[in-house]
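Please work through the two exercises below with the structure open beside you, trying each task before reading its solution.

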Amino acid sequence: MRHLRSGLQFLFILPVAVLLSACNHDPVSSPEAENENELLAGGRNTVFTTGFRAFGSGFPDMGGNRASLHEIGDGAFAATFVTAPAILNPGLGPVYNNISCGNCHVGDGRGHAPDEGGKLESMLFRISVPGSDAHGGPAAVPGFGGQLQDKAVYGIQPEAGVSLQWIEEVKNFVDGGSQAVRKPVYTITDPYRTWPGNAMLSARVAPPVHGLGMLEAIPEADIMKYADPADANGDGISGKANSVWNEHEQRMSIGRFGWKSEAPTLLQQVAGAYSEDMGITSFIFPYDSRWSDSQKTISGHEISDSLLYATTFYCRSLAVPARRNVSNPDVLQGKVLFKEAGCDGCHVPKFRTGVDVSFPEISSQVIFPYTDMLLHDMGDDLSDNRPTYLATGNEWRTPPLWGIGLTKVVNGRNNFLHDGRARSLMEAVLWHGGEGTTAREKVQNMKASDRAKLVKFLESL
């Protein structure tokens with residue numbers, strides 16, 4: 001197992017217990033109390049690990065059976081699949097993107113865009129053609145499906161490859177400073193059959209997986225409080241929820257996971273990754289990963305129901321690292337600047353999880369994910385020009401910011417935004433358009449010392 005708990009990890013329970021009152025009650029009005037509460041970003045499910053395993057710890061106070069299930073899921077998350085027949089982990093492919101969950105989510109963190117001319121290691125491409133499927137979702141590309149698989153088992157040709165070229169630009173600040181940014185250009189290479197001229201391509205890097213269970217536990221009504229699709233309050237922010245097909249329950253549900261909120265539950269998100277990323281079938285998606293012109297072929301269950309649930313529980317029970325340097329004067333000023341710029345209009349700091357008697361560790365926790373879980377228009381520069389249910393090409397789900405300051409520690413590099421183009425937090429800010437334009441312009445108008453304080457605040461999350 002990659003994250004077997006050591007005795008030292010249990011020492012972190014003490015500071016959590018000392019501050020437990022901070023995560024059982026809403027923050028009071030004073031800034032000091034608010035910052036003390038935010039130290040426990042994941043409520044009771046906060047860990048004080050800051051090294052390369054910062055995203056890989058389970059909830060610190062899980063009961064014995066749930067702790068055991070988490071460890072089983074940990075092993076499944078790390079398991080490498082191989083071509084059938086095999087004694088262990090058979091069923092890879094026939095076409096796929098990677099051989100394990102952990103190969104994309106290294107250290108349970110985020111993937112990265114390749115360097116120019118490099119291979120796709122933790123990046124994939126969703127694809128579709130104009131129109132929609134029976135449930136209003138993206139229409140599959142004939143012969144290719146809804147995701148492009150760039151690898152295949154022996155004797156099978158991959159669907160296609162993708163080459164990437166980076167175009168460098170410079171963004172300017174009002175005080176005379178500047179920041180280099182880059183944007184990607186993708187080209188389909190070596191398709192196994194003719195690539196349709198009307199096919200749409202959307203790059204996605206693997207997102208971090210810590211804290212997902214707490215995001216799933218946020219009551220739908222609390223998310224919808226922030227939805228304002230017509231911008232009725234006139235603040236320039238018009239977040240909306242996606243409505244997506246719930247394959248397990250056979251109904252439409254609010255979307256919560258994925259870069260465009262295309263998955264309603266963690267179970268469907270995990271099963272979809274097994275199916276599309278690795279070609280591993282399950283009871284949720286029992287289809288072969290290689291498409292015919294019109295449909296997929298049912299080919300059974302290559303991962304057992306119990307292991308699928310265990311992997312899902314592993315993702316559900318990953319803790320959140322505590323905030324750092326919460327009392328640092330520059331961090332405190334950066335937080336003020338974050339609010340003054342209006343960043344908290346989408347990156348909503350606080351939620352409380354709902355009551356869950358079956359999983360008391362996750363129940364009724366005040367958490368600080370810095371997301372509203374909604375879709376927002378991020379402008380033409382970030383558009384993939386590919387609709388996904390109610391999400392337009394310009395719209396993306398607000399990603400949670402908790403743990404973002406530990407990205408380089410965990411993953412060895414910084415790659416932000418859905419396609420990993422941003423190599424720094426400031427570069428990510430400068431790509432904000434659409435509903436994020438006003439906030440970006442306020443940042444561009446800041447003096448250099450204030451921009452540095454804003455980044456320090458973000459690095460503290």
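The exercises concern a predicted model, and they take up a pocket and then a pair of helices.

**Exercise 1.** Describe the second largest pocket by its volume, its lining and the elements that contribute to that lining.

Solution. Begin with the space itself, which for the second largest pocket amounts to about 690 Å³. Next, turn to the walls, where 37 residues line the pocket, and those lying nearest its centre are His-347, Met-378, Pro-399, Ala-428 and His-432. Then assign the lining to secondary structure: strand S16 (395-397) and the helices H12 (425-430), H13 (437-444) and H14 (448-460) each supply at least two residues, with the largest share, four residues, coming from H13. Finally, sort the lining by class, which gives 21 nonpolar, 11 polar and five charged residues.

**Exercise 2.** Determine how helix H8 and helix H9 are arranged, and which residues bring them into contact.

Solution. Start with the axes of H8 (residues 266-278) and H9 (residues 305-316), which come within 9 Å and cross at roughly 120 degrees. Because angles of 65 to 115 degrees count as roughly perpendicular and those over 145 as roughly antiparallel, this crossing falls in neither class, and H8 is therefore oblique to H9. The handedness comes next: H8 passes H9 in a right-handed crossing. As the last step, list the contact, in which Leu-266, Leu-267, Val-270, Ala-271 and Tyr-274 of H8 meet Leu-308, Tyr-309, Thr-311, Thr-312, Cys-315 and Arg-316 of H9. Divided by class, the residues of this contact are eight nonpolar, two polar and one charged.

Note on methods: Residues are numbered from 1 along each chain as its sequence is written. This is a predicted model: local features need pLDDT of at least 70, side-chain atom pairs count only at pLDDT 80 or more; totals for chains, interfaces and linings use all residues. Side-chain values use heavy atoms; hydrogens and water are left out. On a 1 Å grid over the protein atoms alone, a cavity is a set of points where a 1.4 Å probe fits but cannot get out, and a pocket is an open set with protein on both sides within 12 Å along at least five of seven lines; lining residues have an atom within 4 Å of a point. Grid points are joined across faces, edges and corners, and a volume is the space filled by probe spheres set on the points. Ala, Val, Leu, Ile, Met, Phe, Trp, Tyr, Cys and Pro count as nonpolar, Asp, Glu, Lys and Arg as charged, and the others, Gly among them, as polar. Axes are lines fitted to C-alpha atoms, for helices over the stretch in contact, and angles run from 0 to 180 degrees between N-to-C directions. Angles under 35 degrees count as roughly parallel, over 145 as roughly antiparallel, 65 to 115 as roughly perpendicular and the rest as oblique. A crossing is left-handed if the near helix is turned anticlockwise from the far one by less than a right angle, and right-handed if clockwise. Contact means heavy atoms within 4.5 Å.
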